[in-house]
Amino acid sequence: MFRGIRPLLRGSTYAGALFAYGGAFASIPLLVLALLPVAEWRSAPYGVRVALALVVWAALIGAVGLAGTTRRVLIVCARRLLGVPLPDPVAVRRSTSTPGAGAAPAGSAPVAPASAVSSGADRRRTSVWLLLHVALGWAGALASGLLLLAALILPGKWLGAEAGVSLFGWTVRATGGWGSWVAALGCLLLAAIVCAAVTYALRWLAPRLLGPSSAERLALAAERELLLAERNRLAHELHDSIGHTLTATTIQAAVAGEVLSADPVAARAALRSIEESARAALEDLDYVLGVLREEKTGTAPTRTLADLPELLDRLRHAGAVVEPELTGELAQVQGTASRAAYRILQEGLTNALRHGAGGPIGVRVAAAPDGLELSVVNRTGAGTGRSPGAFPTSGHGLPGLAERVRLLHGEIEAGPDGPQRWRLTVRLPVRLPA
């Protein structure tokens with residue numbers, strides 16, 4: 001039953017009037033506190049004492065609005081009773097990142113900014129809202145209360161009540177009978193109009209005084225940007241790891257099935273490679289799912305250039321001929337560059353397995369003082385023996401690589417390289433330690 005009543009109350013005119021009048025009545029204790037010191041000043045004129053009491057009352061109401069808890073409570077109440085889509089207040093934070101620091105490491109979560117900065121403007125806006133809330137609530141409560149009282153006493157002429165309307169010199173009075181009932185209905189209609197007007201005024205003021213400030217909008221945008229960047233990074237991780245594993249294991253399973261009887265040793269090696277690839281992919285998948293579920297997960301599996309020989313061995317078990325050319329001090333390439341280089345080579349080799357036409361796959365990794373160069377070359381064209389739809393792809397491989405390289409301020413080239421050859425070349429700016 002309550003579930004059916006709640007949607008009717010939320011955001012309705014009556015709920016808005018309840019919100020306004022409730023705020024007005026909640027200020028009565030503050031009114032009593034304002035009257036206590038003024039009541040002792042009996043020598044002052046009555047009007048001065050009334051004005052002073054109102055000033056002290058307004059000051060007390062504004063002081064309540066300066067509390068951060070007050071703003072959160074008002075936002076929740078306005079969202080539920082007025083039906084205004086107000087976001088929860090967020091802490092405006094001062095970023096600790098330094099200019100020119102570059103992108104965050106590919107395997108790390110975003111670093112939370114440090115000290116929260118309190119916003120005095122938000123507190124002042126909350127105080128103004130609370131003052132207007134109380135003022136509108138009292139005005140609406142008094143007006144609608146008088147109208148309801150008139151609607152009750154007019155039909156029976158209680159207390160000698162009469163109703164009259166004067167307009168342009170014409171006067172109409174209801175002294176009894178149907179005229180009094182019509183006047184009572186008019187009072188009820190006016191009371192409903194007052195409730196609607198108060199609710200409309202609060203709905204108009206709520207986004208402007210309780211809504212997010214410019215600083216909060218920037219903080220919300222920054223949090224949304226971090227969330228989208230993290231989701232994008234997880235999508236890249238899943239695409240690179242799971243896509244490569246499925247491609248490699250499909251080929252390895254086909255090889256194992258073909259040589260199972262003729263060469264059991266090669267078949268066992270292919271099956272062992274499938275097991276290793278699947279275990280590595282499961283580690284990546286568990287980490288990604290843990291992040292998506294907002295669970296506390298362990299350290300993200302890091303694949304770096306140090307894991308490149310293992311990756312090449314898995315390709316050889318799949319029947320691919322890989323011709324690596326490694327030059328320079330690869331062990332000195334650390335951090336983001338090493339992790340990104342591994343994922344780039346993994347994606348390039350996966351594409352070579354999917355779309356290549358057999359033949360050797362050339363892999364070149366050259367570390368120089370001014371940067372890191374990666375290259376994957378494979379044959380294309382007919383003669384692969386695979387159907388065109390053997391490895392359906394999402395089409396996000398090369399765009400994802402281009403985005404990863406762009407974030408690292410690198411260069412990427414991908415396209416035909418002579419007859420029946422495809423080349424992927426990436427250059428990353430890397431500063432090696434001296």
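Let's start with Val32, which has a relative accessibility of 43% and therefore counts as partly exposed. The label fits because partly exposed covers the range between under 20%, which is buried, and over 50%, which is exposed. Keep in mind that you are looking at a predicted model. You'll find Val32 in helix α3, and that helix spans residues 28–39.

Val32 also has company on the surface. Together with Phe25, Ile28, Leu33 and Leu36, Val32 makes a nonpolar surface patch of about 450 Å². Helix α3 gives the largest share of this patch, with 4 residues.

Now follow Phe25 away from the patch. Ring pairs link Phe25 with Trp57 and Trp138 into a cluster. The structure as a whole holds 3 aromatic pairs. How do you describe a pair like that? You give the distance of the ring centres and the angle of the planes. For Trp57 and Trp138, the centres are 6.4 Å apart and the planes sit at 65 degrees, so this pair is edge-to-face. The cut-off behind that name is an angle over 60 degrees. The pair also links distant parts of the chain: Trp57 belongs to helix α4 (residues 46–65), Trp138 belongs to helix α6 (residues 120–153), and 81 residues separate them. Is Trp57 buried or exposed? Its relative accessible area is 12%, so Trp57 is buried.

Stay with helix α6 for a moment, since Thr126 lies there too. With 0% relative accessibility, Thr126 counts as buried. So which residues does Thr126 touch, if you skip those up to four places away in sequence? They are Gly65, Arg71, Leu74 and Leu209.

Next, scroll along to the strands. Strand β5 (residues 321–327) and strand β6 (residues 360–368) run parallel and are joined by 7 bridges. One place to look is Glu323, whose bridge partner in β6 is Gly362. Strand β6 is also joined to strand β7 (residues 371–379), again by 7 bridges, but here the strands run antiparallel. To see this pairing, find Arg364, whose bridge partner in β7 is Ser375. How many residues does the hairpin use to join β6 to β7? The connection takes 2 residues. So β6 has β5 as a parallel partner and β7 as an antiparallel partner. While you're looking at strands, here's a handy rule: in a regular strand, side chains alternate between the two faces of the sheet.

Methods:
Residues numbered from 1 in each chain as written. Predicted model: local features only at pLDDT ≥ 70, side-chain atom pairs only at ≥ 80, totals over all residues. Heavy atoms only, no water. Patch = residues over 30% accessible without salt bridge, like charges linked within 9 Å, V, L, I, M, F, W, Y side chains within 5 Å. Areas by Shrake-Rupley, 256 points an atom, 1.4 Å probe, with all protein chains shown as cover. Salt bridge = Lys/Arg side-chain N within 4 Å of Asp/Glu carboxyl O. Buried < 20%, exposed > 50% of the residue type's maximum accessible area, 1.4 Å probe, protein only. Pairing = 2+ DSSP bridges. Phe/Tyr/Trp six-rings, centres within 6.5 Å; stacked < 30°, edge-to-face > 60°. Contact = heavy atoms within 4.5 Å.
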